[in-house]
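Student: I have a structure to go through with you today. Could we take it question by question?

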Amino acid sequence: MGYPMLFDEDREQARKAKHERRVTRHEESLTWVMGQPQGRVFVRWLLEASGAMGQTFDRDTQVSAFNEGKRAVGLAILERLTHPKYFEQYVTLLKEQQNHE
């Protein structure tokens, strides 16, 4: 009866390792994207298109729900960008945005 528990532990370790590889890949990708001027332009567009900084209200509740879904994606991106690991690159993005307005 002890064998299934060992297999479960192995499966859990494999799942954790896969998750860690995915997190590392995402972190490296975001660092690379934010390190490129074109990448920052694209991220700025994503934040604007998502309405992350805007209001989602509409008289039509379905439109409001759709807008809130878009905004949730933008807020998830914004949350990642304001992490200390990416904050300096995020400040660069904001400075570039001011220069282009």
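Student: Let's start with Q97: which helix does Q97 lie in?
Tutor: Happy to begin there, and keep in mind that this is a predicted model. Helix α4 covers residues 87-100. Q97 lies in helix α4.

Student: Leaving aside neighbours within four places in sequence, which residues is Q97 in contact with?
Tutor: A useful starting point is R40, which is 57 residues from Q97 along the chain, yet the two C-alpha atoms are separated by 9.3 Å. For contacts we look for heavy atoms within 4.5 Å. Once the neighbours within four places are set aside, the partners of Q97 are R44 and E48.

Student: R44 turns up there. What is the nearest side chain of opposite charge to R44, and how far away is it?
Tutor: R44 sits in helix α2, residues 37-50. Its contacts beyond four places in sequence are L93, E96, Q97 and H100. R44 is buried and has no salt bridge. The nearest side chain of opposite charge is E96, at 4.1 Å.

Student: Why does that pair not count as a salt bridge?
Tutor: A salt bridge needs a side-chain nitrogen of Lys or Arg within 4 Å of a carboxyl oxygen of Asp or Glu. E96 is the nearest oppositely charged side chain to R44, and it is 4.1 Å away. The pair is therefore not counted, because the cut-off is 4 Å.

Student: How many salt bridges does a search of the whole structure find?
Tutor: One of them joins R15 to E12, and another joins R71 to E68. A search of the whole structure brings the count to 5.

Student: In the salt bridge between R11 and D8, what is the N to O distance?
Tutor: Both residues are in helix α1, residues 2-34, and because they are 3 residues apart, about one helical turn separates them. R11 counts as exposed at 56% relative accessibility, while D8 is partly exposed at 43%. Their side chains meet with an N to O distance of 3.7 Å.

Student: And how far apart are the closest N and O atoms of R15 and E12?
Tutor: These two also lie in helix α1, 3 residues apart, or about one turn of the helix. R15 is partly exposed at 47% relative accessibility, and E12 is partly exposed at 32%. The closest N and O atoms of their salt bridge are 2.6 Å apart.

Student: What is the corresponding distance for R71 and E68?
Tutor: Here the helix is α3, residues 61-81, with the two residues 3 apart, about one turn. R71 has a relative accessible area of 23% and is partly exposed; E68, at 34%, is partly exposed as well. Their closest N and O atoms are 3.6 Å apart.

Student: Staying in that helix, how far is G69 from S50 in space, C-alpha to C-alpha?
Tutor: G69 is found in helix α3 and counts as partly exposed at 38% relative accessibility. Along the sequence, G69 and S50 are 19 residues apart. In space, C-alpha to C-alpha, the distance is 8.5 Å.

Student: Now the interior: how many residues make up the largest nonpolar core?
Tutor: In soluble globular proteins, nonpolar side chains tend to be buried together. In this model, the members include L30, V43, L47, L78 and L93. Helices α1, α2, α3 and α4 each supply at least two residues. The core holds 10 residues in all.

Student: Which residues is L47 in contact with, beyond four places in sequence?
Tutor: L47 is one of the members of that largest nonpolar core, as are A52, L78 and L81. Its contacts beyond four places in sequence are A52, G74, I77, L78 and L81.

Student: Last one: how much space lies in the largest pocket?
Tutor: Its lining includes H26, S29, L46, A76 and R80. Helices α1, α2 and α3 are the elements that give two or more residues to that lining. The space in the largest pocket comes to about 170 Å³.

Note on methods: Residues numbered from 1 in each chain as written. Predicted model: local features only at pLDDT ≥ 70, side-chain atom pairs only at ≥ 80, totals over all residues. Heavy atoms only, no water. Helix = DSSP H or I, 4+ residues; strand = E, 2+ residues; numbered from the N terminus. Buried < 20%, exposed > 50% of the residue type's maximum accessible area, 1.4 Å probe, protein only. Lys, Arg positive; Asp, Glu negative; His and termini not counted. Core = buried A, V, L, I, M, F, W, Y, C linked by side-chain atoms within 4.5 Å. 1 Å grid on protein atoms, 1.4 Å probe; cavity = no way out; pocket = protein on both sides within 12 Å on 5 of 7 lines; lining within 4 Å. Points joined across faces, edges and corners; volume = space filled by probe spheres on them.
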